[in-house]
Amino acid sequence: MSDMQNSDVAFHKVTKGMRSYFLDDANADQLMTFMLELMTEVIVLKDKNDLLERFLSDNNIISREALMDYVPSPEAEAERTKERADLVKRVLRIHQPEGR
Amino acid sequence: MVENKPLRNAPLPDIDSFVQPTRDEAARMRAVNSIHIHALLELRFQCREPYEKHAKPNFIERYGYEPKTGDDVATAMEDNHFFKFYSSIRYNAQEMVNRARQPAVERALPDLIETAKLAAQTNAAGGSLRLDPNFQVPEYMTDLDVHLAPGGYHTEYLPDDVAQGVMLGGGATGKPKGYNPRARNFATVGSSISYWLQQVYPDFEPKSVLDMGTQSGANLLAYVSAYPGIKAHGVDVAAPGLRYGHAKAEYAGIPVHFSQQDASATNFADGSFDLVVSSFFLHEVPVKVTHQIMAEVYRLLRPGGMIVFMELPPHKACEPFLNFAYDWDTQHNNEPFYQSYRALDPTQLVTDAGFDADSAFELTIPDTGSFDLSRYDAFLTGDLPAPPHGRGGWFIFGARKSA
């Protein structure tokens with residue numbers, strides 16, 4: 001209804017006041033933030049996956065039971081195994097012997 | 001940009017309908033709410049286990065006495081591993097709760113502002129909105145962003161802004177239709193108090209009510225339902241919440257009069273009100289201002305009128321561990337007056353303001369949103385205690401002005 005299509009306002013993202021730190025090392029506090037943000041995104045993804053399954057099932061496009069019993073072909077499973085392995089390498093890329 | 005439009009005869013839309021989080025934004029709001037609730041209702045109280053098992057015995061061994069105060073418990077728990085991680089999780093979750101709401105409110109802001117302006121121009125339900133363009137928000141409100149919410153209650157990004165009112169007034173929740181969250185509903189304080197008043201003081205029929213620190217009036221509307229025809233006023237120092245609350249009340253067809261005023265010095269005449277209420281308010285202001293507010297309340301009540309404030313339970317009503325658990329917010333939730341407020345004696349507060357000690361009360365009442373009302377009589381007779389404050393009950397105190 002508004003004539004203002006875009007207010008171009010960006011809300012403050014940082015809280016005014018001293019930030020609290022709780023762990024013995026401020027780096028660890030920062031890691032907690034990373035971890036909790038990641039947990040949030042995992043919940044969001046699980047929420048979407050669950051929604052998809054239920055939607056497809058309720059509309060008779062798939063059966064959730066059949067989905068649970070579904071076994072991909074050996075070729076597909078090999079691709080999935082490689083995907084997993086690649087993801088592990090990407091995530092752990094910093095943990096490498098020196099010079100590699 | 002949104003000024004001078006002929007709006008007077010336009011129908012008022014539901015201001016909340018413009019906040020439309022995407023599916024993922026809504027899921028994110030629910031996710032961070034789950035983490036926050038887990039920290040507040042589970043981890044916070046689970047800290048008692050390592051306290052009893054390790055921290056308390058260590059404290060006794062070192063100092064030769066059992067922790068007597070929340071500060072003693074804080075000393076005992078200073079290096080406790082479980083407490084540190086609870087604190088970190090809770091702090092981050094508090095920040096994330098606020099951040100998760102922002103994108104949907106940011107996008108909707110032009111429509112939110114226009115709707116609030118329309119409400120203020122039409123006042124179709126018979127309420128009103130009175131803002132003071134020269135009003136100075138007290139520094140104790142602007143020095144820190146209370147509850148770690150960037151922008152606090154007071155920030156205005158645009159003229160006629162409602163953003164922080166929507167952000168902190170329940171306008172962005174991520175709830176799908178029909179979703180029944182396990183989270184506590186803070187807006188049931190008003191209905192819990194009015195229900196209790198009707199049971200305990202059946203002859204008390206207020207014709208006017210004032211809500212101090214009303215924000216967007218979420219806890220004021222219940223009094224209009226409980227006492228039909230009552231004239232309802234709400235004051236607050238922050239304009240965004242008043243604008244938002246006024247738009248919501250007008251849309252709901254409930255006449256409420258919102259005005260931007262400092263609760264410690266309002267412009268209402270002596271004896272203007274039968275009932276003065278507040279919720280979650282006094283612990284956010286310096287103790288000096290708390291006393292000024294109590295004196296102002298006494299001035300504003302007519303003889304025979306009542307004050308009922310919902311607040312944090314005072315130190316004297318809690319054992320040391322609970323005081324420690326509550327007072328976390330003082331340092332870590334940007335609520336610097338939290339602990340010094342809790343150190344006060346509510347009955348002393350009202351008698352200092354002029355109320356008779358005989359009329360003073362302080363107790364925890366059941367939350368009518370979650371309590372089985374068929375058992376309310378058992379609560380009134382003392383056979384059934386109210387659930388603890390914040391977990392199914394609300395701590396209240398007050399007094400009645402001599403007739």
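Modeller: A pocket is an open set of points, on a 1 Å grid over the protein atoms alone, with protein on both sides within 12 Å along at least five of seven lines, and its lining residues have an atom within 4 Å of a point. This is a predicted model, in which local features need pLDDT of at least 70 and side-chain atom pairs count only at pLDDT 80 or more, while totals for chains, interfaces and linings use all residues. Residues are numbered from 1 along each chain as its sequence is written, chains are lettered from A and ligands numbered from 1 in the order in which they are written, and side-chain values use heavy atoms, with hydrogens and water left out.

Colleague: What makes up the lining of the second largest pocket?

Modeller: The second largest pocket, with a volume (the space filled by probe spheres set on the points, which are joined across faces, edges and corners) of about 420 Å³, has 18 lining residues, and A74(B), F83(B), F324(B), Q331(B) and H332(B) are those nearest its centre. In chain B, α3 (70–77), α4 (81–122) and α11 (320–332) each give two or more residues to this lining, and the largest share, seven residues, is that of α11(B).

Colleague: Why is α11 of chain B called a helix?

Modeller: A helix is a DSSP run of H or I with at least four residues, numbered from the N terminus, and α11(B) is listed as the run 320–332; therefore the name fits the definition.

Colleague: How do you know which residues of chains A and B are in contact?

Modeller: Contact means heavy atoms within 4.5 Å, and by that rule 48 residues of chain B touch 33 residues of chain A. On the chain B side, α4(B) gives the most, 18 residues.

Colleague: Why is the meeting of E106(B) and K13(A) called a salt bridge?

Modeller: The rule asks for a side-chain nitrogen of Lys or Arg within 4 Å of a carboxyl oxygen of Asp or Glu. The side chains of K13(A) and E106(B) come to 2.9 Å, N to O, so the pair qualifies as a salt bridge. Across the interface of chain B and chain A there are six such bridges, and over all chains the count is 26.

Colleague: What makes K48(A) and D24(B) a salt bridge, and which helices hold them?

Modeller: Their side chains lie 3.4 Å apart, N to O, so the rule is again met. The pair crosses between chains, with K48(A) in helix α1 (residues 26–58) of chain A and D24(B) in helix α1 of chain B.

Conventions. 1 Å grid on protein atoms, 1.4 Å probe; cavity = no way out; pocket = protein on both sides within 12 Å on 5 of 7 lines; lining within 4 Å.
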